Amino acid sequence: MKLLQPTGSLLLLLALPGLAAWAQDAAPKPLAERLGYGRDAKLLIVHADDIGVAHSVNTASIRALGTGLVNSGSVMVPCPWFPEIAAYARAHPDLDLGLHLTLTSEWKHYRWDAVLPASRVPTLLDSLGFLYPEASDVAAHADPAEAEAEIRAQIERAMAFGLQPTHLDAHMGSLYQTPALFEAYLRVGRDYGLPVLLPRASLEQTPHLTALLRPDDLLIDRLVMASPDVPADAWDAFYTRAVETLEPGVTEIIVHLAFDDAEMQAVTVDHPDYGAAWRQRDFDFFTSPAFARLLEAHDVRLITWREIGRLLRE
């Protein structure tokens with residue numbers, strides 16, 4: 001997932017004064033306090049992206065979720081391995097699984113199309129009939145009404161398969177690209193009563209989107225995600241530093257899990273960023289005893305999107 005292009009080794013997004021002023025006027029309490037935690041509580045969602053892309057991703061994500069250290073994730077409905085993870089979700093309804101709303105198909109040889117027929121969403125598809133590879137392509141070509149119809153269809157398909165999503169986010173940040181797409185994203189979340197990923201700092205950098213928020217929208221405080229300029233030999237140090245310096249409030253760490261196996265190497269061929277080795281490194285760190293000790297040492301509490309969603313129902 002890429003809300004914005006990374007500008008440094010740590011994509012750690014902090015609240016800035018403009019959006020803070022909006023939040024002060026619109027929301028009387030920070031999200032952590034609304035969830036019943038103290039002002040100094042350090043709350044963390046460890047969130048596995050791209051579930052459903054491949055069997056390798058599903059297997060690694062299921063194993064990581066089983067440790068409790070990765071405690072949330074989101075599923076890509078248009079992808080070929082969606083039925084496998086949907087079956088697992090039906091058998092484990094307490095999992096914190098949302099939907100990674102998908103309007104892009106970025107891999108070189110491994111592509112997918114929309115859930116809706118091509119005749120319903122022609123502006124979402126490239127000349128070969130697949131979803132566009134980049135979020136910028138979505139911004140340039142997609143009719144927002146078609147995009148909204150498609151993401152609604154993805155939610156309906158997930159529920160038809162027995163997956164009851166706890167939240168929504170957007171693959172590669174495609175739904176943050178224009179005000180019309182962002183408005184569709186917000187509207188769909190509100191209509192289904194699901195929280196959507198709204199990080200304060202990202203929105204501070206896109207003030208044309210902030211005006212579309214309502215006082216009852218729920219914003220987390222910050223995101224952490226490794227960017228391509230983090231060297232492989234600094235992977236553990238990068239995440240360790242992120243936890244050691246975690247500030248109070250609600251943070252989401254976005255991770256990309258899979259095994260560095262033949263399947264994932266083929267899926268991500270010629271694409272080392274977010275590729276098979278990258279995903280194996282994420283899996284190894286976030287399922288390790290060292291990560292568990294790090295959370296305990298720095299008094300970090302894991303929470304889920306399910307907890308956040310209860311605020312909407314209340």
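Let me start with the strands: β2, residues 72–75, and β3 run parallel and are joined by three bridges, and I should say straight away that this is a predicted model. Within that pairing, G73 has L97 of β3 as its bridge partner. Between the two strands comes helix α4, residues 82–91, and β2, α4 and β3 together make a right-handed β-α-β unit. β3 also pairs with β4, residues 168–170, again in parallel and through three bridges, with H100 standing opposite D169 of β4. As for its surroundings, β3 covers residues 97–101, and five of its five residues are buried.

Let me turn to the nonpolar core. The largest one holds 102 residues, and V53 and Y185 are the members that touch the most others. The largest share of this core, six residues, is contributed by β1. If we set aside the neighbours of V53 within four places in sequence, its contacts include M76, C79, P80 and W81, together with W107, Y110 and W112, and also V267.

Next, helix α12, which spans residues 276–286 and is mostly covered, with eight of its 11 residues buried. Among those buried residues are W278, F283, F285 and F286, but R279, Q280 and D282 are on the list as well. What do the buried residues of α12 pack against? Their partners are β1 (42–51) and β6 (249–256) on the strand side, and α3 (55–67), α10 (235–244), α11 (262–267) and α13 (289–297) among the helices.

Finally, the salt bridges, of which the count comes to 11. The side chains of E148 and R187 meet at 2.5 Å, N to O. This pair links distant parts of the chain, since E148 lies in helix α6 (residues 144–160) and R187 in helix α7 (residues 179–192), 39 residues apart. The two ends differ in accessibility: E148 is buried, with a relative accessible area of 11%, whereas R187 is partly exposed, at 32%. Both of them belong to a network of salt bridges that also takes in R152 and D191.

A second pair, R222 and E247, meets at 3.9 Å, N to O, and links R222 in strand β5 (residues 222–224) with E247 in the loop between α10 and β6, 25 residues apart. Here R222 is buried, with a relative accessible area of 7%, while E247 is partly exposed, at 37%. For a third case, R39 and E33 form a salt bridge at 3.2 Å, N to O, and R39 is exposed, with a relative accessible area of 63%.

Key
Residues numbered from 1 in each chain as written. Predicted model: local features only at pLDDT ≥ 70, side-chain atom pairs only at ≥ 80, totals over all residues. Heavy atoms only, no water. Buried < 20%, exposed > 50% of the residue type's maximum accessible area, 1.4 Å probe, protein only. Helix = DSSP H or I, 4+ residues; strand = E, 2+ residues; numbered from the N terminus. Contact = heavy atoms within 4.5 Å. Core = buried A, V, L, I, M, F, W, Y, C linked by side-chain atoms within 4.5 Å. Pairing = 2+ DSSP bridges. Right-handed = clockwise from strand over helix to strand, strands pointing away. Salt bridge = Lys/Arg side-chain N within 4 Å of Asp/Glu carboxyl O.
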